[in-house]
Amino acid sequence: MNEIALRLAPHLRAEAGGMGDLPFVLDQIAVAGKLIARELGQLGLTGDVNVQGEVVKKLDVWANDVMVRVLDASGLVCTLVSEEMDSPLHLAERCAEGKYVVCFDPVDGSSNLDVNGIVGTIFSIRRRRGRGSDHAAADAFQPGSAQVAAGYVMYGPSTVLVYTAGEGVHAFTLDTTIGEFVRSRQQIQIPSRGHIYSVNEAHAPVWPPGILKYIDYLRQRDPATGRPYTARYVGSMVADVHRTLLEGGIFLYPGEVGADGKTSGKLRLQYEAAPMAFLMEQAGGKASTGGERIQDIHPASAHQRVPILIGSRDDVTMAEEFVAGRR
Ligand code: AFP
């Protein structure tokens with residue numbers, strides 16, 4: 001009987017202690033998650049979405065609107081940064097009182113939609129630094145270390161919301177019979193070392209030499225050091241990071257060496273790398289660019305991209321050794 005009481009809202013209130021009205025923003029994101037999950041369910045039924053590819057694309061925009069509407073309705077959010085919006089959206093009428101900045105990717109992994117694959121919504125919440133609309137711009141570009149909460153909703157065989165507010169990582173599974181997220185895991189801790197690596201190897205020709213050596217190292221047969229690792233890759237960061245969080249190992253989207261010799265990443269700092277880094281660190285894991293802690297990076301733009309190595313502490317540290325050429 002107790003289990004039913006462990007719904008998201010009461011859990012957030014119970015955890016609310018030092019969180020002020022943050023639980024209300026998190027609960028609004030849960031509402032958006034339910035709406036998007038229902039829409040994804042519809043997608044499967046109609047079937048015509050898959051044929052007309054551009055209908056799939058509309059889901060990103062629709063989900064973005066849902067997130068904007070539920071966060072606006074909270075009355076607590078001043079600025080929104082989204083993968084679907086070119087520049088930050090300042091809700092001027094909310095900025096007088098609004099305390100929070102929310103960065104989000106409404107449908108991460110959307111290229112998986114037309115094959116009925118796993119997708120997710122990623123979110124990252126920071127407190128505003130100042131009051132009034134003239135602070136709004138600066139508020140949109142804070143490092144990951146300024147996050148007060150982060151997480152994702154994963155739309156897979158079940159819909160799962162995973163979040164941290166700095167007090168550990170908790171998971172809630174949507175019970176569709178009562179329309180409530182019910183706690184399914186608490187204080188999630190990632191194993192210090194895993195046996196799975198996750199990377200799109202098709203990009204290997206443009207990887208930095210350290211990453212090439214590292215992946216080659218993981219594939220060598222040496223039972224004494226728990227190798228070879230096995231490989232898993234869904235192509236949706238939410239799915240690949242969720243598996244890594246629960247089973248350990250490492251997910252990488254390394255930088256790619258361009259014609260100018262510079263290394264650039266693909267994944268976006270504000271609403272992919274930073275929220276996942278906060279979660280992973282709270283679960284005892286690690287997240288870096290290979291050289292720098294993701295959470296320390298000051299964003300220069302709303303859609304800045306970074307290389308990312310994320311997962312079990314020992315695995316990420318090992319990968320950093322290879323990137324630095326120390327192995
Ligand atoms: P989409 O949202 O365009 O599908 O991109 C998904 C993503 O941002 C992230 O979720 C994946 O980890 C990564 O890109 C997949 O990129 P590759 O297709 O290059 O492997």
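In this predicted model, an oxygen atom of the ligand lies 3.4 Å from an N or O atom in the side chain of Arg268. Two other side chains offer contacts of this kind. For Lys266, the distance from one of its side-chain N or O atoms to a ligand oxygen is 2.8 Å, and for Ser111 the corresponding distance is 2.7 Å. On its own, the ligand has 480 Å² of accessible area, and the protein covers 82% of that.

Now step back to the whole shell around the ligand. It is made up of 16 residues, of which Asp108, Ser111, Tyr233, Met237 and Tyr253 come nearest. Ser111 is therefore worth finding in the viewer, as it is listed among the nearest residues and also has the 2.7 Å contact just described. What is the make-up of the shell, counted as nonpolar, polar and charged residues? It divides into five nonpolar residues, seven polar ones and four charged ones.

From the ligand, move along to helix H10, which spans residues 269-282. This helix is mostly covered, with twelve of its 14 residues buried. The buried ones run from Leu269, Gln270, Tyr271 and Glu272 through Ala273, Ala274, Pro275 and Met276 to Ala277, Phe278, Leu279 and Met280. An α-helix has 3.6 residues a turn, so residues three or four places apart point the same way. In H10, however, the buried residues include neighbours such as Ala273 and Ala274.

Glu272 is a good place to pause. This residue is found in helix H10, and is it buried or exposed? Its relative accessible area is 1%, and because buried means under 20%, Glu272 counts as buried. Its C-alpha atom is 6.6 Å from that of Ile122, although the two residues are 150 apart in sequence. Just after H10, the chain reaches Gly284, which takes a positive phi of about 90 degrees.

A little further on comes Ser288, in strand S14 (residues 286-288). Ser288 is buried too, with a relative accessible area of 2%. Its C-alpha atom is separated by 5.4 Å from that of Leu309, which is 21 residues away along the chain.

Next, look at the aromatic rings, which form four pairs in this model. One of them joins Tyr163 and Phe172, whose ring centres are 6.4 Å apart, with 35 degrees between the planes; this pair is tilted. Both partners are buried: Tyr163 has a relative accessible area of 2%, and Phe172 has one of 0%.

Another pair is made by Tyr217 and Phe322. Their ring centres are 5.3 Å apart and their planes meet at 45 degrees, so this pair is tilted as well. Here the pair links distant parts of the chain, with Tyr217 in helix H8 (residues 209-219) and Phe322 in helix H11 (residues 313-323), 105 residues apart. Tyr217 counts as buried at 13% relative accessibility, and Phe322 is buried at 7%. Tyr214 joins these two residues to form one aromatic cluster.

Tyr217 has charged company as well. Which residue has its charged end over the ring of Tyr217, 3.8 Å from the centre? That residue is Arg227. Arg327 also lies over the face of Tyr217, at 5.4 Å from the ring centre.

Arg227 leads us to the backbone. A cis peptide bond joins Arg227 to Pro228, with omega at about 10 degrees. Pro228 lies in the loop between H8 and strand S10 (230-231). Most residues other than glycine have a negative phi, and most peptide bonds are trans.

With that background, two further loop residues deserve a look. Asn116 is not a glycine, yet it has a positive phi of about 55 degrees. Asn116 is placed in the loop between strand S3 (100-108) and strand S4 (119-127), and is exposed, with a relative accessible area of 72%. Gln187, also not a glycine, has a positive phi of about 45 degrees. Its loop runs between strand S8 (180-185) and strand S9 (196-198), and at 45% relative accessibility Gln187 counts as partly exposed.

Definitions and conventions
Residues are numbered from 1 along each chain as its sequence is written. This is a predicted model: local features need pLDDT of at least 70, side-chain atom pairs count only at pLDDT 80 or more; totals for chains, interfaces and linings use all residues. Side-chain values use heavy atoms; hydrogens and water are left out. Rings of Phe, Tyr and Trp (its six-membered ring) pair if their centres lie within 6.5 Å; planes under 30 degrees apart count as stacked, over 60 as edge-to-face and the rest as tilted. Buried means under 20% relative accessible area, exposed over 50%, partly exposed in between (1.4 Å probe, protein chains only). Helices (H or I, at least four residues) and strands (E, at least two) are DSSP runs, numbered from the N terminus. A charge sits over a ring if NZ of Lys or CZ of Arg is within 6 Å of the ring centre and within 35 degrees of the ring normal. A residue is near a molecule or strand if one of its heavy atoms lies within 4 Å of it. A polar contact is a pair of N or O atoms within 3.5 Å; within protein, one must be able to donate a hydrogen and the other to accept it, and residues adjacent in sequence count only if both atoms are side-chain atoms. Accessible areas come from the Shrake-Rupley method with a 1.4 Å probe; for residues, only the protein chains shown count as cover. Ala, Val, Leu, Ile, Met, Phe, Trp, Tyr, Cys and Pro count as nonpolar, Asp, Glu, Lys and Arg as charged, and the others, Gly among them, as polar.
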